[in-house]
Every structure is written in structure tokens, then in C-alpha cells.
Amino acid sequence: MTAFARFLGEKAERYIELRHSLGYAFSKQAGTLRAFVRYVERAQLDAPATRTMALDFALSFGGAANSRVTRHGVLRRFYEYLAVYDVRTEALERRVFPRSRAITPPRILTNAELASLIDACARISPSTPLRGRTMATLIGLLASSGLRSGEVVRLDRSDVDLANGVLLVRKTKFRKDRLVPVHTTTPVSIIPPLHVYSTRACGTHTLHEPLIVSRGSSTSRSESRLLIE
């Protein structure tokens, strides 16, 4: 690792800690900053942090134009912090990339496509059948409730009322809570696999444990299993 990449990495981690201490989640932004440090390291770039460096990094990713706007905005604010420690750091302009106001039309699956997707989950990991059954149940819950994926993975066991077919979504958009009804067939489809996960993977647990957790200790959108009876 070059001296500049090491310096940049240390300041990025301090900046991330600062944003966390101010109450910001700052998870995606932290990922952008760490990716920027890796980009500088791979390219063997030298100090100072420049406009060209930030532009090349933002353009190195594919995707929508607004993604480049977001990445460049994260770097712009980080550059302001970095300038305190290296006065040679160049200030980034606000409107380098045009922001698109166009909304991508939703891709709505047909019943046949949804059924095919759920069936394909069984082939995700043949050696670990619970993983495929979990993903199938997760997709079915998303389809029947209309929740965002992030809202589903943040559900606690206490938020799910299968008897009445209601989900309590906490601290969603604009920090509001809301009740979401699910299709009448959802409890029937969810209950069987949940008993399997409870007996084979969970052991003892409480109502305030996450409904979906990763193999580690934190909630994740991938490689999840359901924890509920």
C-alpha cells in the first residue's frame, strides 16, 4: 500500500466514525469511501486528492447516472474533511454530473415468473437446503406484502402477526411505523419452513430477535434464515 493510500484509508475511517458519532447510519457512504481507497491503492495514485481522481473513480462504476452523482457527492464532503489534514486537497464542484429525474418503470413479475423464481431458489445451494427454502420464503413474503427488501430484513419476530396477517414495519421511510396486511395465503406458506428453521438452526430465542439474520451476528439481505416459530 502506498503512503497516500494508507493516509487516505486512515482519514476515511476517522471520517466514517465521525459521521456515526453524529447519528448517521452512513453505511452505503462508508462503502463508497472504502472503495475509493481501494481504487487509489490499485492505481498507485499519489497525493494530493484531486478533482480528476474523484471523477475517474465515479466514472469507473457502471449503472445509472444518479449513482455517479451520489458517489461524487460522498467524495465532495469527504474532500472537505480531508482538506483539514492536507491543504493541497482540491475542492470538488457540486454539479459535475447531471442528475436524472426520470423514474425507471417498475418490472412487475407475472405469476408464472414469480413461481419460476421461487422454484429456482431450491438450486441456490443444494448442500444447504435451508438457504434455498429461506430465500423462497423471503421472496414470497416480499411479493405478498409489497415491502422493501430492507424493511423485510429489519423485521423482528414480534413484528409478525401471522394469525391476523399483519406486519408491523418500524422506522421505515421518514422514520414512521406502519401496519402492513399480507395476503391470506402468506401465513400458510410461511409457517411450515419457519418451524424447520426454529428447530434445526435457532435453538432458544426471544420475540425481539431479528426475523431474518445472516450467518453472522448482523442482519443481512443475503444468505439469511428465518428465526420464528
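A residue is called buried here when its relative accessible area is under 20%. The model on display is predicted, and the tour begins with its second helix.

**Helix H2.** Select residues 27-43, the 17 residues of H2. From first C-alpha to last, the helix reaches 25 Å, close to the 24 Å expected at 1.5 Å a residue. Next, show the side chains of Ala-30, Thr-32, Leu-33, Ala-35, Phe-36, Val-37, Tyr-39 and Val-40, which are buried in H2. To see what these buried residues pack against, add helix H1 (3-21), helix H3 (51-59) and helix H4 (65-82).

**The end of H2 and Thr-2.** Move on to Gln-44, just after H2, where phi is positive at about 55°. From Gln-44, turn to Thr-2, since the two residues are in contact. Thr-2 lies in the segment before H1. Leu-45 is also in contact with Thr-2, when neighbours of Thr-2 within four places in sequence are left aside. The relative accessible area of Thr-2 is 17%, so this residue counts as buried.

**The largest pocket.** Finally, select Ala-25, Phe-26, Ser-27, Lys-28, Gln-29, Thr-32, Ser-67, Thr-70, Arg-71, Val-74 and Arg-77, the lining of the largest pocket. H2 and H4 are the elements that give two or more residues to this lining. The largest share, five residues, comes from H4. Colouring the lining by class shows three nonpolar, five polar and three charged residues. The space within this pocket is about 270 Å³. Thr-32 links two stops of the tour: this residue is among those buried in H2, and Thr-32 also lines the largest pocket.

Conventions:
Residues are numbered from 1 along each chain as its sequence is written. This is a predicted model: local features need pLDDT of at least 70, side-chain atom pairs count only at pLDDT 80 or more; totals for chains, interfaces and linings use all residues. Side-chain values use heavy atoms; hydrogens and water are left out. Helices (H or I, at least four residues) and strands (E, at least two) are DSSP runs, numbered from the N terminus. The expected span of a helix is 1.5 Å times one less than its number of residues. Buried means under 20% relative accessible area, exposed over 50%, partly exposed in between (1.4 Å probe, protein chains only). Contact means heavy atoms within 4.5 Å. On a 1 Å grid over the protein atoms alone, a cavity is a set of points where a 1.4 Å probe fits but cannot get out, and a pocket is an open set with protein on both sides within 12 Å along at least five of seven lines; lining residues have an atom within 4 Å of a point. Grid points are joined across faces, edges and corners, and a volume is the space filled by probe spheres set on the points. Ala, Val, Leu, Ile, Met, Phe, Trp, Tyr, Cys and Pro count as nonpolar, Asp, Glu, Lys and Arg as charged, and the others, Gly among them, as polar.
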